[in-house]
Amino acid sequence: MSRTGEKVLGIISAIFTLLAIILMAIIVTTGSAAIQDEAFNTEFEQQILNDPTLTGQDAEAIAQLVDILPSVFGVFGWGFVVALVISLILNIVGIVSISKNKNPKLAGIMFILAGLFAGIISLTSILLYIAAIMCFVRKPPVQFAEQEYYNPDQTV
């Protein structure tokens with residue numbers, strides 16, 4: 001049985017995941033550098049401290065939040081990149097296990113796990129879910145072997 005549909009969906013998802021990994025790595029590295037700009041941070045803190053609507057405690061809390069924001073952004077950004085890499089690896093394992101119709105159930109499980117790591121409702125994960133459903137639902141056609149029936153009129 002040909003599993004071309006599952007392979008194509010898996011390959012498209014792998015390409016989208018690879019592009020997302022590259023894009024997120026660029027965003028995290030350039031974004032954390034932009035957030036760590038000292039001139040911007042000091043100007044932002046001065047504006048917060050000079051705001052008459054905020055009390056002293058509120059302004060201090062916001063200033064502390066601005067101080068820890070770059071590290072939090074970096075940690076969550078790199079965590080998302082790692083989740084995408086795990087998704088790509090599971091996707092490749094699924095593609096390999098579906099090739100030549102080796103193990104479609106394992107491929108379906110790998111596609112579902114890869115979809116979860118790629119983001120629950122992203123385009124990539126939706127393609128992987130469709131491929132997984134196809135792996136589970138499509139069955140090879142049943143081939144009947146030629147059977148010999150007992151015929152009393154037949155001589156041996």
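Which exposed residues does the face of H5 turned away from its buried side carry? In this predicted model, that face carries Leu 123, Ile 133 and Val 137. The description below starts with H5, then turns to H4 and to Met 1.

Helix H5 covers residues 123-137. The helix has 15 residues. From its first C-alpha to its last, H5 reaches 21 Å. The span expected at 1.5 Å a residue is 21 Å, and H5 is close to that value. Its buried residues are Thr 124, Ser 125, Leu 127, Leu 128, Ala 131, Ala 132 and Cys 135. Seen down the axis of H5, these buried residues fall within an arc of 160°, so they line one face of the helix. An α-helix has 3.6 residues a turn, so residues three or four places apart point the same way.

Ser 125 belongs to helix H5. Its relative accessible area is 0%. Ser 125 counts as buried because the cut-off for that class is under 20% relative accessible area. A polar atom of the Ser 125 side chain lies 3.1 Å from the backbone oxygen of Ile 120. Beyond its neighbours within four places in sequence, Ser 125 is in contact with Gly 115, Gly 119 and Ile 120. Of these partners, Gly 115 is one of the buried residues of H4. Gly 119 sits just after H4 and takes a positive phi of about 120°.

Helix H4 spans residues 104-118 and has 15 residues. H4 reaches 20 Å from its first C-alpha to its last. This is close to the 21 Å expected at 1.5 Å a residue. Pro 104, Ala 107, Gly 108, Met 110, Phe 111, Ala 114, Gly 115 and Ala 118 are the buried residues of H4. Viewed down the axis of H4, they fall within an arc of 165°, so the buried residues line one face of this helix too.

Met 1 lies in the segment before helix H1, which covers residues 4-35. Its relative accessibility is 41%. Met 1 counts as partly exposed because this value falls between the 20% and 50% cut-offs. Lys 100 is 99 residues away from Met 1 in sequence. In space, the two are 8.4 Å apart, C-alpha to C-alpha. Residues up to four places away in sequence aside, Met 1 touches Asn 101, Arg 138, Lys 139 and Pro 140.

Key
Residues are numbered from 1 along each chain as its sequence is written. This is a predicted model: local features need pLDDT of at least 70, side-chain atom pairs count only at pLDDT 80 or more; totals for chains, interfaces and linings use all residues. Side-chain values use heavy atoms; hydrogens and water are left out. Helices (H or I, at least four residues) and strands (E, at least two) are DSSP runs, numbered from the N terminus. Buried means under 20% relative accessible area, exposed over 50%, partly exposed in between (1.4 Å probe, protein chains only). Contact means heavy atoms within 4.5 Å. The expected span of a helix is 1.5 Å times one less than its number of residues. The arc is that of the directions from the helix axis to the C-beta atoms. A polar contact is a pair of N or O atoms within 3.5 Å; within protein, one must be able to donate a hydrogen and the other to accept it, and residues adjacent in sequence count only if both atoms are side-chain atoms.
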